[in-house]
Each structure stands twice: as C-alpha cells, then as structure tokens.
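Here's a quick briefing for anyone meeting this structure for the first time. Have a look at the picture, then read on.

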Amino acid sequence: MANIKSAKKRILVINKKTLRNKSVSSATKTAMKKVLTAVAAGDKAAASEALRAATKAIDMAATKGVMHKNTAANKKSRLAKAVNKMN
C-alpha cells in the first residue's frame, strides 16, 4: 500500500477512471451486440436504428480515450458493412 499522499491520491483517481472506462466500454459492447442481433434477425429498420446508437457510443468511447480512434473506425465500419449487406 502506498505511504505517500500523492500516491494514495493517484490510486483513488485511477480507480475512478477504471470504473468510468469499464462503464463506457460495456455500454459500447452492448450497443454493438444489439446491431449484430438485429442483423441476425433480419430486421433492417431495427438494425439501422441500433447502428446509429452504436456509432454514437463508439465515437464517445474514442473521444474519452477508452478506445483508440482507429479501433473505433474499424468497429463502426464493420457494423455498417453488416447492416448494408442486408437485403
């Protein structure tokens, strides 16, 4: 355990950031899963609506530094491609 005051503070700050990162990451994964579920079900309207929400969640994660911007672009592209492939 840390003895120095600044080290103790860093531990508290890191714990807060870790919780925020987990929350944002989890929300992003859930949004992506909704898109893929709608695509698998064949519901184009629900898939495009879920894609809009997922894109926003992914962009927010990239903005907050939870996800690298290239990773975010890759995930958005993959989801959009899946939705566009639907009949």
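What follows walks through the chain as a whole, then its helices, then two residues worth a visit. Keep in mind that this is a predicted model. The chain has 3 helices and 0 strands, so its radius of gyration of 17 Å, well over the 12 Å that the globule rule gives for 87 residues, belongs to a chain more spread out than a compact globule.

**The whole chain**

- Starting at the N terminus, the elements simply run α-α-α.
- Taken along the principal axes, the C-alpha atoms fill a box of roughly 60 × 20 × 15 Å.
- Of the 87 residues, 22% count as buried.
- The chain exposes about 6,400 Å², and carbon and sulfur atoms supply 57% of that area.
- If you take the contacts with a separation of 6 or more, 60% of them come from residues 24 or more positions apart.

**Helix α2**

- α2 has 20 residues, and its first and last C-alpha atoms are 28 Å apart, close to the 28 Å expected at 1.5 Å a residue.
- Which residues of α2 are buried? They are A47, A50, L51, A54, A57, I58 and A61.
- These buried residues cover an arc of only 140° around the axis, which puts them on the same side of α2.
- A bit of helix background helps here: an α-helix has 3.6 residues a turn, so residues three or four places apart point the same way.
- What do the buried residues of α2 pack against? Their partners are α1 and α3.
- Turn to the other side of α2 and you'll find A45, R52, K56 and T63 exposed.
- After α2 comes G65, with a positive phi near 85°.

**Helix α3**

- α3 covers residues 69–84, and its 16 residues should span 22 Å at 1.5 Å a residue; the end C-alpha atoms are 22 Å apart, which agrees.
- The buried residues of α3 are A72, L79 and V83.
- Those buried residues cover an arc of only 40° around the axis, which puts them on the same side of α3.
- Their cover includes α1 (5–41) and α2 (44–63).
- The face of α3 turned away from its buried side carries the exposed residues N70, N74, K81 and N84.

**Two residues to look up**

- T28 sits in helix α1. Is T28 buried or exposed? With a relative accessible area of 3%, T28 is buried.
- Not counting residues up to four places away in sequence, T28 touches A57, I58, A61 and M67. Two of those names should ring a bell: A57 and I58 are among the buried residues of α2.
- V66 lies in the loop between α2 and α3, and V66 is partly exposed, with a relative accessible area of 26%.
- Leaving aside neighbours within four places in sequence, V66 is in contact with R20, N21, V24, S25 and A61.
- A61 turns up in both contact lists, since T28 touches A61 and V66 is in contact with A61 too.
- How far apart are V66 and L36 in space? They are 21 Å apart, C-alpha to C-alpha, with their positions 30 residues apart in sequence.

Note on methods:
Residues are numbered from 1 along each chain as its sequence is written. This is a predicted model: local features need pLDDT of at least 70, side-chain atom pairs count only at pLDDT 80 or more; totals for chains, interfaces and linings use all residues. Side-chain values use heavy atoms; hydrogens and water are left out. Helices (H or I, at least four residues) and strands (E, at least two) are DSSP runs, numbered from the N terminus. The expected span of a helix is 1.5 Å times one less than its number of residues. Buried means under 20% relative accessible area, exposed over 50%, partly exposed in between (1.4 Å probe, protein chains only). The arc is that of the directions from the helix axis to the C-beta atoms. Contact means heavy atoms within 4.5 Å. The radius of gyration is taken over C-alpha atoms; the globule rule is 2.2 Å times the number of residues to the power 0.38. Accessible areas come from the Shrake-Rupley method with a 1.4 Å probe; for residues, only the protein chains shown count as cover.
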